[in-house]
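Open the structure in your viewer and keep the sequence panel beside it. The tour below goes from one selection to the next.

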Amino acid sequence: YPPLLSLDPFTFLVECAYGLVPAYNAEISHMLRLCYLAELVKVVFHMGRNVPFSMWIEGLAGKQSQDPAMINFASFALAITKCGMELEVANFGKTSDNEGENKGFQQPGVDTLESWYTFVKKYALTFLRKSVVFLYVKYGVDFNSHISSSQDADSDELDRLTDALRLPSFDEMCASMTENAIACGWPMTTYDLVSGWIKHQVVWPNGYGDMSQSALVSHPGIFELIGLPKTYDTLIEESIRRKCPSTGKDLTDPVICLFCGEIFCSQSNCCQ
């Protein structure tokens with residue numbers, strides 16, 4: 001079976017909810033916490049494979065920031081990177097060379113420790129958003145009735161979702177691979193568990209298959225419908241100017257796709 005770090009941890013969570021959880025009478029909250037950790041480990045692991053090695057190590061090991069959250073995140077990422085390198089050396093006698101392969105992280109906004117911290121938090125937020133929807137659909141958990149404590153009233157969305165789902169904070173999740181793991185509620189076996197995920201990815205015989213290394217982590221954007229104009233007349237005027245994308249003739253009963261924004265015919269075979 002493919003390694004967890006090559007899969008979508010949220011999809012894995014959903015599959016477990018319909019299979020493993022009822023079969024073993026497991027707690028879905030425990031699976032949620034593990035899959036959340038897997039999501040963070042996956043993002044950091046593959047970042048380390050796409051950011052130029054010297055830039056990645058220097059940014060993490062330098063720890064120029066005095067912010068405890070930054071230091072904690074750097075330790076988390078270093079532990080994952082070190083584990084992967086040690087497994088590569090043990091199994092293949094060398095580490096992978098990714099120096100300069102991916103230019104995506106060599107630009108302002110994603111080239112410092114602080115920006116990497118923010119980058120990973122975006123994936124955490126996306127994962128928790130999907131988890132809230134899934135828990136409502138599958139288990140009927142109504143998060144609308146959740147009342148945050150007063151000190152959390154002005155917190156950001158990630159903190160509020162973390163509180164509602166009763167999960168460790170983002171920084172506590174990152175502490176799972178550091179010396180503060182036990183103090184943050186992580187058992188001593190957590191490091192071995194994560195090491196197993198990384199080892200499975202490193203020794204997986206199929207490698208990355210047909211996918212690029214940079215394609216294993218999906219974009220953390222929100223799926224949205226296109227924005228519509230304030231007045232209906234604007235749409236009518238636009239549909240009059242447009243032509244059928246198939247025939248080039250005038251549109252017949254024009255409709256607009258809310259996913260791509262294309263206007264096409266709705267009552268003829270040309271645009272079916």
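The stops that follow begin with the whole chain, then turn to aromatic rings, a helix crossing, two loop residues and two helix residues.

**The whole chain**

Start with a cartoon of the entire protein chain, bearing in mind that this is a predicted model. Coloured by secondary structure, the chain shows ten helices and two strands. Read from the N terminus, the order is α-α-α-α-α-α-α-α-α-α-β-β, with the two strands following the ten helices.

Now switch to a surface. The accessible surface of the protein chain is about 15800 Å², and carbon and sulfur atoms hold 55% of that. The chain has 272 residues, of which 39% count as buried. Among contacts with a separation of 6 or more, 68% are between residues 24 or more positions apart.

**Aromatic pairs**

Show the side chains of Phe, Tyr and Trp. The count of aromatic pairs comes to nine. A pair of rings is described by how far apart the centres are and by the angle of the planes.

Select F10 and F134 first. Their ring centres are 6.2 Å apart and the planes stand at 85 degrees; planes over 60 degrees apart count as edge-to-face, so this pair is edge-to-face. F10 belongs to helix α1 (residues 9-18) and F134 to helix α6 (residues 113-139), so far as the chain goes 124 residues apart. F10 counts as buried at 14% relative accessibility, and F134 is also buried, with a relative accessible area of 9%.

Next select Y36 and F127. How far apart are the ring centres of Y36 and F127, and at what angle are their planes? The centres are 5.7 Å apart and the planes are at 5 degrees, so the pair is stacked. This pair also links distant parts of the chain, with Y36 in helix α3 (residues 28-50) and F127 in helix α6, 91 residues apart. Y36 has 0% relative accessibility and counts as buried; F127 is buried too, with a relative accessible area of 1%.

Add Y18 and Y139 to the four residues already shown. Ring pairs link F10, Y18, Y36, F127, F134 and Y139 into a cluster.

Keep the cluster on screen and add K138. Its charged end sits over the ring of Y18, 4.8 Å from the ring centre. The charged end of K138 also sits over the ring of Y139, at 4.6 Å from the centre of that ring.

**Where α5 crosses α6**

Hide the rings and select helix α5 (residues 68-92) together with α6. The two axes come within 10 Å and cross at roughly 75 degrees. Angles of 65 to 115 degrees count as roughly perpendicular, so α5 is roughly perpendicular to α6. To see the contact, show A69, M70, F73 and A74 on α5. On the α6 side, show L113, E114, W116, Y117 and V120.

**Two residues with positive phi**

Go to N25, in the loop between α2 (20-24) and α3. N25 is not a glycine, yet its phi is positive, about 55 degrees. With 69% relative accessibility, N25 counts as exposed.

Then jump to D253, in the loop between α10 (232-241) and β1 (254-256). D253 is another residue other than glycine with a positive phi, here near 50 degrees. Its relative accessibility is 45%, and D253 counts as partly exposed.

**R33 and A124**

Return to helix α3 and select R33. R33 is partly exposed, with a relative accessible area of 27%. Which residues is R33 in contact with, leaving aside its neighbours within four places in sequence? They are L167, P168, M173, C184, G185 and W186. For a distance across the sequence, draw a line from the C-alpha of R33 to that of L165: the two are 132 residues apart in sequence and 9.4 Å apart in space.

The last selection is A124, in helix α6. Is A124 buried or exposed? At 0% relative accessibility, A124 counts as buried. Not counting residues up to four places away in sequence, A124 touches Y36, L40, L158 and F170. Y36 is the residue of α3 already met in the stacked pair with F127. F170 is 46 residues from A124 along the chain, and their C-alpha atoms are separated by 7.8 Å.

Definitions and conventions. Residues numbered from 1 in each chain as written. Predicted model: local features only at pLDDT ≥ 70, side-chain atom pairs only at ≥ 80, totals over all residues. Heavy atoms only, no water. Helix = DSSP H or I, 4+ residues; strand = E, 2+ residues; numbered from the N terminus. Buried < 20%, exposed > 50% of the residue type's maximum accessible area, 1.4 Å probe, protein only. Contact = heavy atoms within 4.5 Å. Areas by Shrake-Rupley, 256 points an atom, 1.4 Å probe, with all protein chains shown as cover. Phe/Tyr/Trp six-rings, centres within 6.5 Å; stacked < 30°, edge-to-face > 60°. Lys NZ or Arg CZ within 6 Å of the ring centre and 35° of its normal. Axes fitted to C-alpha atoms, helices over the stretch in contact; angles between N-to-C directions. Parallel < 35°, antiparallel > 145°, perpendicular 65-115°, else oblique.
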